[in-house]
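Me: Could you take a close look at one part of this model for me, the sheet that the two chains build together? I'd also like to know what lies around that sheet.

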Amino acid sequence: MSDHDHGHSHTPITNGDEPAAAARARALEELLVEKGVIGREDVRQRIDWLVSRSPADGARLVARAWVDPEFKERLLADARAAALELGLDPGPSPVVVAVENTQAVHHMVVCTLCSCYPKALLGPPPDWYKSLPYRSRAVSDPRGVLTEFGVELDDDVELRVLDSTADIRYLVIPRRPTSSEGMSEEELAALVTRDSMIGVAQPAAPAPGGVLSRQG
Amino acid sequence: MKYRAGQRVRVAARPHEGHHRTPGYVKGKTGSVERVHASFPNPETRAYGRDGLPKQPLYLVGFAQRDLWPDSRGHPGDRIYVDVFEHWLEVAE
């Protein structure tokens, strides 16, 4: 523990068996604060922002695109502007790109270099997204990865993997479930899972009879 | 913007000391420009506390899955798209 000039020592608040990476991050934070590069309040605000984000925002974009073809065109042309149009926070990336899954083409997203992810629209990335096996196999064996996630693509479907190596953030518009006719935009949004917007899952299936019972 | 959508480009095979955002698995590989995004601060200098200027144009480059991993199974049209900065690209014939 380093020397402190304010009369007490810091015992880190950890869960006991902290991984080495967490200890390293903590040490870096201490140094950056000590050198005045960042303030503790900056760190706190970033964390508060991150945990306040959720896939519900991305799901709203997708559900609107499913019911409004003109909105979908705007979303595909400029996802950042489309998010702002719905009053959503598209995040700090100047360019957000939405790609559409169709009968003929399936997209999935990875960041092989680290963990780039549309956090503003999907919330914090899942641990597996940041794992080395996903980051390497999503590009070397993407169909194998999809199979493990439970997605079986037909042989005639083209697979497009997007490696977000730089400033752009990618969001997948999954295919609307065939049995979802007549559902409201809000009901549709509930089918749009986080993983379906990364491209490693299909949207949830509507509950059997759900639409009928609502109509009845 | 030096390149346009549809143009064939090759990713430079050069090594690079320090932080950069060009994944090794596309170095030396040929693909085609899918999108011309915009210009962004250069991460290779920004990572070391500098301003990253001049900004570098960024492109989405598409590669055939089979050009990157010849053993890959799946559809012959399967593709991998990677964001690559202009100074890592060369004209491919």
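Reply: Happy to; here is a walk along the sheet, followed by its surroundings.

Please keep in mind that this is a predicted model. The sheet is an open one of seven strands, and its order is β2(A)-β3(A)-β4(B)-β3(B)-β2(B)-β1(B)-β5(B), with mixed pairing. At its edges are β2 (105-110) of chain A and β5 (89-91) of chain B, each of which pairs on one side only. From one strand to the next, the twist averages 35°.

Let's begin where the chains meet. Strand β3 of chain A, residues 158-163, runs parallel to strand β4 of chain B, residues 79-85, and four bridges join the two. If you want a spot to zoom in on, A:Arg160 stands opposite B:Arg79 of β4(B). Helix α8 of chain A, residues 132-140, packs on the sheet and touches β2 and β3 of chain A as well as β4 of chain B. The direction of helix α8 makes about 150° with that of β2(A). This helix therefore has contacts with strands of both chains, where contact means heavy atoms within 4.5 Å.

Now step further into chain B. Its secondary structure comes to two helices and five strands, which run β-β-α-β-α-β-β from the N terminus on. Strands β2(B) and β3(B) pair in the antiparallel sense over seven bridges, and here B:Ala38 stands opposite B:Leu58 in β3(B). Next comes the pairing of β1 (residues 8-11) with β2 (residues 30-40) of chain B, again antiparallel, over three bridges. In that pairing B:Arg10 stands opposite B:Thr30 of β2(B). As general background, strands of a sheet pair through backbone hydrogen bonds, either parallel or antiparallel.

One backbone detail in chain B deserves a look as well. The peptide bond between B:Leu53 and B:Pro54 is cis, with omega about 0°. B:Pro54 has its place in the loop between α1 and β3 (56-64) of chain B, and β3(B) is the strand that pairs with β2(B). For context, most peptide bonds are trans. As for overall dimensions, the C-alpha trace of chain B spans about 45 × 25 × 20 Å along its principal axes.

Turning to chain A, you will find it divided into domain 1 (20-51) and domain 2 (54-198). The C-alpha centres of these two domains lie 29 Å apart. Both domains contribute to the largest pocket, whose lining draws at least three residues from each. That pocket holds about 1,300 Å³ of space and is lined by 32 residues, with A:Arg46, A:Pro92, A:Ser115, A:Lys119 and A:Arg169 nearest its centre. At least two lining residues each come from α2 (40-52) and α6 (119-122) of chain A and from α1 (43-46) of chain B. The largest share, four residues, belongs to α2(A). By class, the lining of the largest pocket divides into 19 nonpolar, five polar and eight charged residues.

The second largest pocket has about 530 Å³ of space. Of the 14 residues that line it, A:Ala22, A:Ala25, A:Arg26, A:Glu29 and A:Val43 lie nearest its centre. Helices α1 (20-34) and α2 of chain A each supply at least two residues of this lining, and α1(A) gives the largest share, eight residues. The lining of the second largest pocket has eight nonpolar and six charged residues, with no polar ones.

Terms used. Residues are numbered from 1 along each chain as its sequence is written. Chains are lettered from A and ligands numbered from 1 in the order in which they are written. This is a predicted model: local features need pLDDT of at least 70, side-chain atom pairs count only at pLDDT 80 or more; totals for chains, interfaces and linings use all residues. Side-chain values use heavy atoms; hydrogens and water are left out. Domain bounds come from an automatic or database domain assignment. Two strands pair if DSSP finds at least two bridges between them. Axes are lines fitted to C-alpha atoms, for helices over the stretch in contact, and angles run from 0 to 180 degrees between N-to-C directions. On a 1 Å grid over the protein atoms alone, a cavity is a set of points where a 1.4 Å probe fits but cannot get out, and a pocket is an open set with protein on both sides within 12 Å along at least five of seven lines; lining residues have an atom within 4 Å of a point. Grid points are joined across faces, edges and corners, and a volume is the space filled by probe spheres set on the points. Ala, Val, Leu, Ile, Met, Phe, Trp, Tyr, Cys and Pro count as nonpolar, Asp, Glu, Lys and Arg as charged, and the others, Gly among them, as polar.
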